[in-house]
Amino acid sequence: MSPPFRAEHLGSLLRPDALLAKRLSISKNECDPSELDPVQTASIQFIVQKQLELGFRCITDGEYPRHMFWGTFFPNLNGMTEIYDPPIEIFRAYAPDVAAFIENVQIPGESVVCTGKIEHTGESTYVGQVKCLQGMLPEERWGEIKLTVAAPNWYHLRYMEGKAYPKDVYANDKEYFADIAKAYQVELDILYKAGLRNVQFDDPNLAYFCSEKMLKGWEEDKTNVTSADEMFDAYIQLYNDCISKAPADMHFGVHLCRGNFVGSRHFSEGSYDRIAIKLFQNLNVQTYYLEYDTPRAGGFEPLAYLPKNKNVILGVVTSKFPKLEDKEEMKERVYEAAEIIAKGNGERKEDALRRMGVSPQCGFASHEVGNLIDMDGMESKLRLVREIADEIWPGEA
């Protein structure tokens, strides 16, 4: 069975207490790091079984091997260096996540910057996560494994003009993006050969272009040599270049949200209207996983621009708080979105529904600490997603 599915989730799931406790003990030098692997493997086995019990075809490892949702791709590229306590001057103060840290008198505690020519090492830091899941599932379900990966623009937008890379290494963004794309092409080739067929890019940055506050900051920043619209176009092209050499049977989706941090915090607001045409018609992915749990994401009207050959997963169930949504209201919202998609394409609502699914609006633990919800609450949310899907698309995955 091929993705996307009627009932989806966005990859990150709450970590068990035992896993968090073991990581904390290791960080305090209270036990040997070798003790982590069996606890982590058992935790992944537990969450895989939970997904299967709840009836999900899309299976992830909950992002349990990671501290943050973006994983380990960038720090392990030649030419990229992970830094701690970076100087605040390198960041765009108006980038929504950076602005949120500054408001709390903080700066991002860790970041990755380009320090030399970027090149993939030929060794994937993600492939082990795929192999782990394959060992827990029958081979006929390997194609349903979903790997979440970092957005290719993640360590570009947050930096001030001229701070994302040394000018003696890359003369401009075009040169820098070309090598980022090549690195992703190598990574995706390794993952495909390992059996992965389902990739989800996690990209709050694209949704930040819906934020009037960020756009105002961009315009006022006279160091910028490109407009916000030009940068959005460049990011779309970067994505297309990253996936341009992947085989046709590798499914790509992109998840847009407005932030998901410790304490169920979001970072930005704004509807998809401003970016919808370019997002849906110029970006060469098959599926969009969209945040739609609160008014901060706007209405469904932008979905009128979704082409007939693309899918949308509506994140109508929040992952941030435990209160359960009303199932019938959520079903009505899905039907409302289907009407808009159908009208935009001159098709029947039933045809639009064939390209749709439902999910939580974001992950439950983009940071390992997790959102303001416990394991029972997360399970209730996932069960609700499955029930909504079952009642709209009975008998479908």
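This passage describes the nonpolar core, a pocket and selected backbone features of a predicted model.

The largest nonpolar core comprises 122 residues. Within this core, F74, F209, L303, L314 and M356 touch the most other members. Helix α6, which spans residues 173-193, supplies the largest share of the core, with 9 residues. In soluble globular proteins, nonpolar side chains tend to be buried together.

The surroundings of L314 illustrate the packing around one of these highly connected members. When residues up to four places away in sequence are not counted, L314 touches L290, Y292, F300, L303, V334, A337, M356, G357, V358 and S359. Two of these partners, L303 and M356, are themselves listed with L314 among the core residues that touch the most other members. The contacts of L314 also include a run of neighbours in sequence, from M356 through G357 and V358 to S359.

Attention then turns to the second largest pocket, for which a volume of about 230 Å³ was computed. The pocket is lined by 14 residues, of which H67, G71, T72, E82 and E110 are the closest to its centre. Two strands, β1 (78-84) and β2 (110-119), each supply at least two residues of the lining. The largest share, 3 residues, comes from β2. By residue class, the lining of this pocket divides into 7 nonpolar, 4 polar and 3 charged residues.

Several backbone features were also identified. Towards the N terminus, the peptide bond from P3 to P4 is cis, with omega near 0°. P4 lies in the segment before α1, the helix formed by residues 17-27.

Positive phi values in residues other than glycine were found at E63 and at D85. For E63, phi is near 65°, and the residue is located in the loop between α2 (36-53) and β1. For D85, phi is near 50°, and the residue is placed in the loop between β1 and α3 (96-103). Strand β1 thus borders both loops, that of E63 and that of D85.

The two residues fall into opposite classes of solvent accessibility. E63 has a relative accessible area of 2% and is therefore buried, since the limit for this class is under 20%. D85, by contrast, has a relative accessible area of 63% and is therefore exposed, the corresponding limit being over 50%.

How values were computed
Residues numbered from 1 in each chain as written. Predicted model: local features only at pLDDT ≥ 70, side-chain atom pairs only at ≥ 80, totals over all residues. Heavy atoms only, no water. Core = buried A, V, L, I, M, F, W, Y, C linked by side-chain atoms within 4.5 Å. Buried < 20%, exposed > 50% of the residue type's maximum accessible area, 1.4 Å probe, protein only. Helix = DSSP H or I, 4+ residues; strand = E, 2+ residues; numbered from the N terminus. Contact = heavy atoms within 4.5 Å. 1 Å grid on protein atoms, 1.4 Å probe; cavity = no way out; pocket = protein on both sides within 12 Å on 5 of 7 lines; lining within 4 Å. Points joined across faces, edges and corners; volume = space filled by probe spheres on them. Nonpolar A, V, L, I, M, F, W, Y, C, P; charged D, E, K, R; others polar.
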